[in-house]
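Open the model in your viewer and keep the selection tool ready. The tour moves from one selection to the next.

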Amino acid sequence: AKNLADVMYSVASLDLKLEDLFLRTFEARAIKQVRSFQAHETSLLLWSLALLGVNGRNTLVERLSKRVAPIANDLSPHELANMLVALAKFGSALSEEETGRLLEAVERSMERLTPVDFVDTLWAVNELGMKAPGNVWGITMNRKCSMFAEDLEVAQQLRMLEAFAHMKVDPNETVSEQVQRKLNAKHLELGEKEVKALVTACAKFQVFKPTGGFEVKMADRMAETMGHSSTPDILATLMGLATIGLRNVKQDFDRWVCEMIHARTPEMTLQDALNALWVISKIGLHPSAGTLSVLKKTDSSA
């Protein structure tokens, strides 16, 4: 079992392309020995298969996944983090009992997780739909993240914010300021998906105070990257910006939003029209009388 796990880890580390014959042969041999896989080998093999993009419905993955909960307490914090990320990438469905055992293992390991593993673990818990006790974890999450939030890569910061939002935990002032300082400096590197995800995550917090012009920089980046995004995605991002306090916008942004809304009004659903009217009112935009008339007609006719 150890040799099989080591071989697949080497293949994944070298980023080699998996041939179908090799995978089928490997899978057949590993399945025969699946009961002999100990905690380390199980975590390592699942992580390697996830890195290689193996389908989560693969028989070997399914067999190994069933062994996860019983071995969770035997894993190091790093192995636990990798295994949870692998399960999240596979889209594994966990039973209530399995979820409970894994959450207990995470709680015991939280203090010993490295910054990257800590954020990856929170992300995986979020992706797997595990109902983590945010009221219990919140203090630890804020305390640990306040030590390293600004040092994380942007992608890791996004994972962290989404996890906080999923668990209904507001980042404390230190975490919030560190994240915004980094994102303000790196905002020109953000793509349309990152902008939408960041803004909508921040909008879910009960208390969020933009600093350093964060909301303005996100609005500027939105205009630069989301011109071809779907109408619901654009409106969701605008609603997020309005929620976190975007007001008194620049004339260019005002014009861009109003022209976009006007051009897309014919395709808008009732909900889209209602959202557009709310955004216009909340941010204080200046659409043409014709745009407002069409939006209100969509609302009234529906």
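**Along helix H13 and onward**

Start by selecting Arg221 and Glu224, which both sit in helix H13, three residues apart, or about one turn of the helix. This is a predicted model. The two side chains form a salt bridge, with their closest N and O atoms 2.7 Å apart. Arg221 counts as buried because its relative accessibility is 14%, and buried means under 20%.

Next, stay in helix H13 and select Asp220, then add Lys250 in the loop between H14 and H15; the pair links distant parts of the chain, 30 residues apart. Their side chains meet in a salt bridge of 3.1 Å, N to O. Asp220 is partly exposed, at 24% relative accessible area, and Lys250 is also partly exposed, at 49%.

In the loop that runs between helix H14 (231-243) and helix H15 (251-264), select Asn248. Its phi is positive, near 50°, although Asn248 is a residue other than glycine. Most residues other than glycine have a negative phi. Asn248 is exposed, with a relative accessible area of 75%.

Move into helix H15 and select Asp252 and Arg255, about one helical turn apart. They form a salt bridge of 3.2 Å, N to O. Is Asp252 buried or exposed? Asp252 is exposed, at 56%, whereas Arg255 is partly exposed, at 38%. In total, the structure holds eight salt bridges.

Last, find the largest pocket, with a volume of about 180 Å³. Select its lining residues, among them Asp170, Pro171, Phe208 and Lys209. By class, the lining has three nonpolar, three polar and four charged residues.

Key:
Residues numbered from 1 in each chain as written. Predicted model: local features only at pLDDT ≥ 70, side-chain atom pairs only at ≥ 80, totals over all residues. Heavy atoms only, no water. Helix = DSSP H or I, 4+ residues; strand = E, 2+ residues; numbered from the N terminus. Buried < 20%, exposed > 50% of the residue type's maximum accessible area, 1.4 Å probe, protein only. 1 Å grid on protein atoms, 1.4 Å probe; cavity = no way out; pocket = protein on both sides within 12 Å on 5 of 7 lines; lining within 4 Å. Points joined across faces, edges and corners; volume = space filled by probe spheres on them. Nonpolar A, V, L, I, M, F, W, Y, C, P; charged D, E, K, R; others polar. Salt bridge = Lys/Arg side-chain N within 4 Å of Asp/Glu carboxyl O.
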